[in-house]
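The report below walks through selected elements and residues of one structure. Please read it with the sequence and the coordinates in view.

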Amino acid sequence: MPRFAAIGLDHRHVYDLTTGLRAAGAVCVGHDPETTDPRVLAGFCKRFPDAPAVARERLLDDPSIDFIVLSAVPRDRAGIAIDAMRRGKDVMVDKPGVTTLDQLAAVEAAVQATGRIWSVCLGRLASPAVQAALEVARSGELGRLISLTSLAPHRLNRALRPAWFFERDAYGGIINDIGVHSIDQFLAFADAADATIAASTIGSFGTPPAGFEDFAEITLRSATMTGTMRLDWFTPDGLPDWGDGRLFLVGTEGTLELRKNLDIDGKPGGDHMFVAGRQRTRYQNCTTMPVTYYRDFLDDLRDRNGRMLDGGRVFAVCRLALRCQALAERFAPVTA
């Protein structure tokens with residue numbers, strides 16, 4: 001059974017990564033207790049009491065460990081990943097995998113030099129609803145796709161956030177941090193290796209500390225379709241989830257809507273899909289749609305067939321997110 005260690009327990013996403021990998025058949029043999037957020041560490045120890053605390057250097061030097069799971073402060077992830085790859089470890093990293101183009105170039109060079117896997121766990125890969133929507137789109141039921149609109153609101157949960165969460169250099173900016181999911185979605189539905197940035201805007205609407213990026217909009221174009229994406233940190237506390245994430249597709253023969261997290265005052269739970277075509281409309285609950293990302297990662301670990309690099313798609317997604325971040329027009333509204 002593949003063996004892994006968790007390093008960089010600075011973000012709660014490490015819980016999901018560890019859970020998904022264990023369910024797919026991997027064994028977590030230890031964790032590095034160094035953290036910027038003791039609450040994340042405590043949560044990890046409570047959920048996975050059989051994964052002992054072990055110093056980072058011992059984990060990286062242990063030849064019996066096949067790969068590491070990494071959810072450190074985003075600006076530190078590239079350096080740790082490169083160190084792990086140079087010591088013979090594959091890497092699964094929480095998003096964002098990098099915070100600068102220089103870091104991305106260094107990671108790409110390390111992958112080429114070592115032959116190791118570097119996989120960023122993006123939302124599309126672990127979402128039953130998005131997997132179902134991709135299946136519908138690729139079946140031709142919607143005709144030729146013309147447009148994608150993605151809404152990705154998030155709850156701030158200020159009391160749970162460590163100090164680095166509000167430091168621009170630490171997380172790489174709002175588009176690089178949470179917008180990378182939406183960009184990856186667009187490229188997947190467009191079946192494109194890259195896209196043209198038609199517009200990119202970042203807003204700071206007064207969420208303290210001053211200058212914190214709490215809103216962004218992106219418009220991308222591929223050779224065949226357009227995509228508009230909105231992301232923000234304004235999910236109200238009254239909403240019974242961290243965000244009302246939605247995805248809308250328009251094709252020449254039909255439309256599709258995903259309500260990923262919840263259906264307000266409607267059907268319970270998440271992963272709802274609504275499809276309208278020329279002959280009918282239909283609803284599908286996507287919760288039973290298989291998510292194969294973790295199993296695919298372990299299969300790739302074994303047979304090295306390139307599933308996780310997917311022809312360099314992960315690098316293209318990260319590069320496009322960083323370009324959108326760098327080119328964004330800044331919008332800071334004047335308050336009365």
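Helix α4 is followed by Gly 88, whose phi is positive, near 90°. In this text helices (H or I, at least four residues) and strands (E, at least two) are DSSP runs, numbered from the N terminus. The model is a predicted one, in which local features need pLDDT of at least 70 and side-chain atom pairs count only at pLDDT 80 or more, while totals for chains, interfaces and linings use all residues. Residues are numbered from 1 along each chain as its sequence is written, and side-chain values use heavy atoms, with hydrogens and water left out.

Within α4 itself, which spans residues 74–86, the buried positions include Pro 74, Arg 77, Ala 78, Ala 81 and Met 85; here buried means under 20% relative accessible area, exposed over 50% and partly exposed in between (1.4 Å probe, protein chains only). An α-helix has 3.6 residues a turn, so residues three or four places apart point the same way.

An open sheet is formed by 5 strands in the order β2-β1-β3-β4-β5, with parallel pairing. Because β2 (27–31) and β5 (118–121) stand at the edges with a single partner strand each, one side of each is left without a neighbour in the sheet. From one strand to the next the twist averages 25°, where axes are lines fitted to C-alpha atoms, for helices over the stretch in contact, and angles run from 0 to 180 degrees between N-to-C directions. Strand β4 (residues 90–94) runs parallel to β5 and is joined to it by 4 bridges, two strands being counted as paired if DSSP finds at least two bridges between them. Met 92 has Ser 119 in β5 as its bridge partner.

Three residues can be set side by side by location and accessibility.

| Residue | Location | Relative accessibility |
|---|---|---|
| Ile 146 | strand β6 (residues 145–153) | 37%, partly exposed |
| Pro 49 | loop between α2 (38–47) and α3 (56–61) | 67%, exposed |
| Phe 331 | strand β14 (residues 329–331) | 43%, partly exposed |

Leaving aside neighbours within four places in sequence, Ile 146 is in contact (heavy atoms within 4.5 Å) with Thr 224, Met 225, Thr 226, Val 250, Gly 251 and Thr 252. Ile 146 and Thr 224 lie 78 residues apart in sequence, with their C-alpha atoms 6.8 Å apart in space. For Pro 49 and Met 273, the separation is 224 residues in sequence and 37 Å in space, C-alpha to C-alpha.
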